Amino acid sequence: MTGKEIRERFLKYFADRGHTVVPSSNLIPKNDPTLLFTNAGMNQFKDLFLGLEKRDYIRACSSQKCVRAGGKHNDLENVGRTARHHTFFEMLGNFSFGDYFKKEAIAFAWEFLTEDLKLDKSRLYVSVYKDDDEAADIWHRQEGVPLERIYRFDEDNFWSMGDTGPCGPCTEIFWDNGPGTGCDSPDCAVGCDCDRYMEIWNNVFMQFNRDAKGTMTPLPKPSVDTGMGLERIATVMQGVTSNYDTDLIQGIIRHVEKLAGKRYRDDAKDDVSMRVIADHSRAITFLICDGVLPSNEGRGYVLRRIMRRAARHAKMLGVSEPVLYRMVDAVGSVMGDAYPDLLQREDYIRKVVRAEEERFAETLDNGLRILNDEVASLKDQGLSVIPGETVFKLYDTYGFPVDLTADIVQGEGFTVDEAGFEDCMERQRELAREHWKGSGDEKVSAVYKNLHGEGLRTAFTGYDEHTAYSVITALVRDGKRVEEAGPGEEVDIITESTPFYGESGGQAGDSGEISTGSAHLEVLTTLKPVPELIVHRAMVKEGTVRVGDAADLTVAESERAATARNHTATHLLQSALRQVLGDHVKQSGSLVNRDHLRFDFTHFSAMTEEEIERVEDLVNAHVMDNSEVTAREMALDKAMESGATALFDEKYGDRVRVVKVGEISAELCGGTHVRASGDIGLFKIVSESGIAAGVRRIEALTGTGALRYARRLEEERSRIASLLKAEGGDMVDKVARLVARQKELQREIEALQGKINASASADLLAGVREIGGVKALAVKVDMDDPKGLRELADTLKDRIGSGVIAIGTEKDGKATLLVAVTKDLTGRFRAGDIIKGLAPIIGGSGGGKPELAQAGGSRPEKLGEALEKLYELVA
């Protein structure tokens, strides 16, 4: 039975038993800042289990795509080396939200395995929590499992969502892979860490609520969360013992064979590399498809680690040119039926992978050369730990994630100094004043989830009106519900209905005013923390506002109109970008407010001036056409059939709103728009830049904002013309002459500096010391130009003939060191090694080539000590 057939049979089995089949959620978790990636089937149902959300079903099943690769690098190192470690996997699951419980869940699992899949009962075992007599009794009496096949475990069979909250016992089902597949110990049994008894299904019974003191009380509506790894059950159904031997991965390994020109199972070392590439290709393809892009932080850094590890294993197979991007097709051919968005975004994914591969290829060989030299040097010294400074340099300069470096040197019996690496990272963060930005979405305050769970909703009336009358249903201050708020207090206000648009879909929330019989409030912004709940963040200007008050709500019309101009313009912009750049252009993010618009889109190079002008001209042509802007609700499937554009990672309901601008653009959109494209007035692009690999950003202005921008440019031009005394349009010529003169003067300065260096070097050479037949010179100079320092070093090398030189200088409270070694001595002294000995003294780090190296530090008062250290190192 193929993996595809197992997936389909699982979902059909539970659908036939009243479960709603819910599509897999995105690998980027929504509204959960605690998660880097979706890593379990229950993630998308978390608020249902917590009672913070209600849906129109109480039973569900899914096949959830998951990634687990955000932990320590050891987790990643195991992938490809064991039978069941993966970065990407699928989790089959059935869920009950206060409906059925242990009896039914156990019956479903046993029936599906033994009757639908027809597994041999004699090879199945189960485990329960040590005190869960109820589950053990159900297994034995209801399903007929012999007592000797029911194992009781402690913490391994008790699950919790955290230190507090829902928790409960779980029961697991194991498959016996048979003799010869495990450790062969006479004590081997269920629970052994070997591969013989493989867990295939886990049923979690959320039965209790644990408070901060550890006290557990029964939940009023117990729930069920189950998970069965598709790859694991596929090994059972296909009679193999490794997940990598199932059709889910073998089809991808076959593709690796073709690209590498090697056969799987011919060489154990090559087999590891083939498994790594196959596994990582699945993770890479799905992560990029779901909106993750390689970067140096958060999710993007995990993706980059996976990509670069796979690229190195391709090189180990003898493949030198970029090859991972060609694996995208293989993943699509195996997984595309179940996840059609892989096929729809195949070209885009391939381009992102290739761009990252080519970027890494530029530095891979140099990085490997430095690492191999370091390993050889340490072996000569009898050491087996790669210093943190070297690991950091490989990371910072050559793009080697720390786990990749560890992976490479593992075969030589080396480990890496992770603590030293982290010290270097921390120093860099301090120097650059960078801070961790976090990876999860902004957390939704629990108070709004609770209000939503209680059934509180807000009807939005703002498409057709800017003023309305309503009743205040809740007030929130500092994350807590209150009954009233007085002058000077900031309070969140929820009403039965509102014309105010709540921030969502990239559109900023409205501002305006709310008045009651006894109070007047300024609405600062409007939020939409959860679906169908609109929150007015307001400042009480006078009086006291109370829950239950009748209220007049008035949106600031001029600001709403400006935001609408920018929003409709983004729709026209996306259409124009696709026309000019190609169909690969997809929206990656947007922001529209009253001041400007920002549009992020997929593209792989900076736009040329000509392309920017063509896009700008197209949008303005559509503006001047004054096409009607219409919006209507329709069924999601009908909207997609009509050709409307949707965001690939957005969840849509059965009914959607389609906004059309004439015959130019049709998008699924809940925002506010102008009535005709001519209302935009003028569209002007003010910047185009890159924000991530394969993602560009355009910022633009419309209407009065564009007019003000044009006036500012005119004013600047007039001021520049006045300063240059340029009349009659000769300003450019005058600037060109100024620049040419500046370059001429710069050359004269450099020539004079060279003469000064030559003169000064004679004085500096007086400090040369001869140590064991080697000339050494360490001097402090008053020079703040890096180029001048290097030229001085070259002059001193020429004058000294043969020797080692260190030059130090101070500027703005920072110290700079430069070490130079004449070519004849680089076999004995390497500038890069010497600078590593000096840099820590000035509170910094550095590196370079054998003949020249440089370092910077934050302790200039230690320059003298660092320079004196040179003589000690030479000795």
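User: Why is the meeting of the Asp337 and Lys4 side chains called a salt bridge?

Analyst: A salt bridge needs a side-chain nitrogen of Lys or Arg within 4 Å of a carboxyl oxygen of Asp or Glu. For Asp337 and Lys4 the N to O distance is 3.1 Å, so the pair fits that rule. This is a predicted model, where local features need pLDDT of at least 70, side-chain atom pairs count only at pLDDT 80 or more, and totals for chains, interfaces and linings use all residues. Residues are numbered from 1 along each chain as its sequence is written, and side-chain values use heavy atoms, leaving out hydrogens and water.

User: What makes Asp337 exposed?

Analyst: Exposed means over 50% relative accessible area, buried means under 20%, and partly exposed is in between (1.4 Å probe, protein chains only). Asp337 has 59%, so it counts as exposed. Its partner Lys4, at 37%, is partly exposed.

User: And how do you know whether Arg308 and Glu356 are buried or exposed?

Analyst: Check the values: Arg308 has a relative accessible area of 6% and Glu356 has 2%, so both count as buried. Their side chains also meet in a salt bridge, at 3.1 Å from N to O.

User: What makes Glu257 and Arg254 a salt bridge?

Analyst: Their closest N and O atoms are 2.6 Å apart. They sit three residues apart in helix H7 (residues 247–260), which means about one helical turn separates them. Here "helix" is a DSSP run (H or I, at least four residues), numbered from the N terminus. Glu257 is buried at 12%, while Arg254 is partly exposed at 35%.

Notes
Helix = DSSP H or I, 4+ residues; strand = E, 2+ residues; numbered from the N terminus.
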